[in-house]
Amino acid sequence: MLPSLHFPPDPARALALDLRMRQQLAQSLAHIGQSLENSGRSLPGALTTRIELLGRAGLASPSMFGLYYEATSALLGNDVGPGLALLDELAGAPMLEDRTLSIVTFDQMPRNQQARYRRLMDTDPETPFRIVAPPAGLGAASVGAFASALKRLRAAVPETVDEFEAIIREVILVSGDPAIGYDFAGGSCYMLWGALFINVGAHRGDIELMEAIAHESAHSLLFGFTVDEPLVLDAGTQRFASPLRDDLRPMDGIYHATFVSARMHWTMSRLLASGELSASEADEASARMQTDARNFSAGYATLRAHAQLSATGQQLLDGALAYMEPYTSEAA
Amino acid sequence: MQRTIQLDASKLLGFKLVPRAGFVQIGAKIGKVPPAVLGAKIGKAPPP
């Protein structure tokens, strides 16, 4: 059954999206296994076990998804040796035991995992994205700050955090490589389903962190909706001004920025309504709502003028617009 | 004797999203996945 495309956070739907992604991973690996057999090769026995576990709702780590994408890219590109080696590595990757959220700094991960995450996040030739560990001495504090913000958000807007934790398995705290020449707030990647990167230096205070959680988890949510078709059908060759970036972006990026702006607005509005904020935090949240509304309007105008939306993209955007309409008329 | 591995992108998570105009034939090379669809979504920090 296809998931509902309504706009507000829905933890049960997020669980279903996560399950679907893992089942699709299992089916894809099974197809690769069958293709290997047809070619006179065999799948590692441990990988057959992984496929069975995934098919029975076993929890896959973001690393497993990353290994799958790297292995499949290699095999599709006829790099058979590297592809099979990556499948071997995937076969040895442990399943997750439960849904406990892991919050770590980049350097706390094994080096080969750091390298893989770097490669898969740095996939846009127009926008290099190189991550490094947070500065020495900031690690524990940044983990604590994120956990604290998440706890506050759970108390104030539980459905946002429940949805977040249905999809996100790992929060990886990073800094940007100074050589890339720009700063970033966070990031996530379709090929690392369940992982979310947060820049420790980019968030001053709980309101900014809570908005970042809403921002990045909305990107991951959109990934979850796009298993069978993309959000936009544009070829991806044209570039447009993005409300959330200072560089020109393809239409898929504009779509993401528009939708996540609506989700950020929703989260800020629920935070304000919760009564859990101090007076200065309430002012900050209110100001962010106005910025989110302006960003949504700018992105939506670009989509309306230029985008070819898939059915999934259209329905999701309609839901975002229905929520934002009272606020965008005020912001106009 | 080992033969060419033939994968059907329409059966592969993520790779189904390649636009129709560039839809993969069985066994064809597609190289790197399209960054706009599968690549990183990076939230750039606003200027100070």
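In this predicted model, strand E4 of chain A, spanning residues 184–189, is mostly covered, with 6 of its 6 residues buried. Two strands pair with E4(A), and it helps to take them in turn. On one hand there is strand E5 of chain A (residues 195–199), which pairs with E4(A) in the antiparallel sense over 2 bridges. Here A:Gly187 stands opposite A:Phe197 of E5(A). The hairpin formed by E4(A) and E5(A) has 5 residues between the strands, and A:Gly194 adopts a positive phi near 100° in this hairpin.

The other partner comes from chain B: E4(A) is joined by 5 bridges to strand E1 of chain B (residues 40–44), and the two run antiparallel. Within this pairing, A:Cys189 has B:Ala40 as its bridge partner.

What does chain B itself look like? Its secondary structure consists of 1 helix and 1 strand. Chain B has 48 residues, 46% of which count as buried.

The meeting of the two chains can be followed residue by residue. In total, 30 residues of chain B are in contact with 53 residues of chain A. About 3800 Å² is buried between the chains, and carbon and sulfur atoms give 62% of this area. On the chain B side, B:Leu13, B:Lys41 and B:Lys44 lose the most area to chain A, together accounting for 23% of what that side buries.

Charged and polar groups also take part. The interface holds 2 salt bridges, including one between the side chains of A:Asp228 and B:Lys16 at 3.4 Å, N to O. Residue pairs in polar contact across the interface number 11. Of the elements of chain B, E1(B) gives the most to the side touching chain A, with 5 residues.

Key. Residues are numbered from 1 along each chain as its sequence is written. Chains are lettered from A and ligands numbered from 1 in the order in which they are written. This is a predicted model: local features need pLDDT of at least 70, side-chain atom pairs count only at pLDDT 80 or more; totals for chains, interfaces and linings use all residues. Side-chain values use heavy atoms; hydrogens and water are left out. Buried means under 20% relative accessible area, exposed over 50%, partly exposed in between (1.4 Å probe, protein chains only). Helices (H or I, at least four residues) and strands (E, at least two) are DSSP runs, numbered from the N terminus. Two strands pair if DSSP finds at least two bridges between them. Contact means heavy atoms within 4.5 Å. Buried area is the accessible area (1.4 Å probe) that two parts lose on being put together, summed over both. A salt bridge is a side-chain nitrogen of Lys or Arg within 4 Å of a carboxyl oxygen of Asp or Glu. A polar contact is a pair of N or O atoms within 3.5 Å; within protein, one must be able to donate a hydrogen and the other to accept it, and residues adjacent in sequence count only if both atoms are side-chain atoms.
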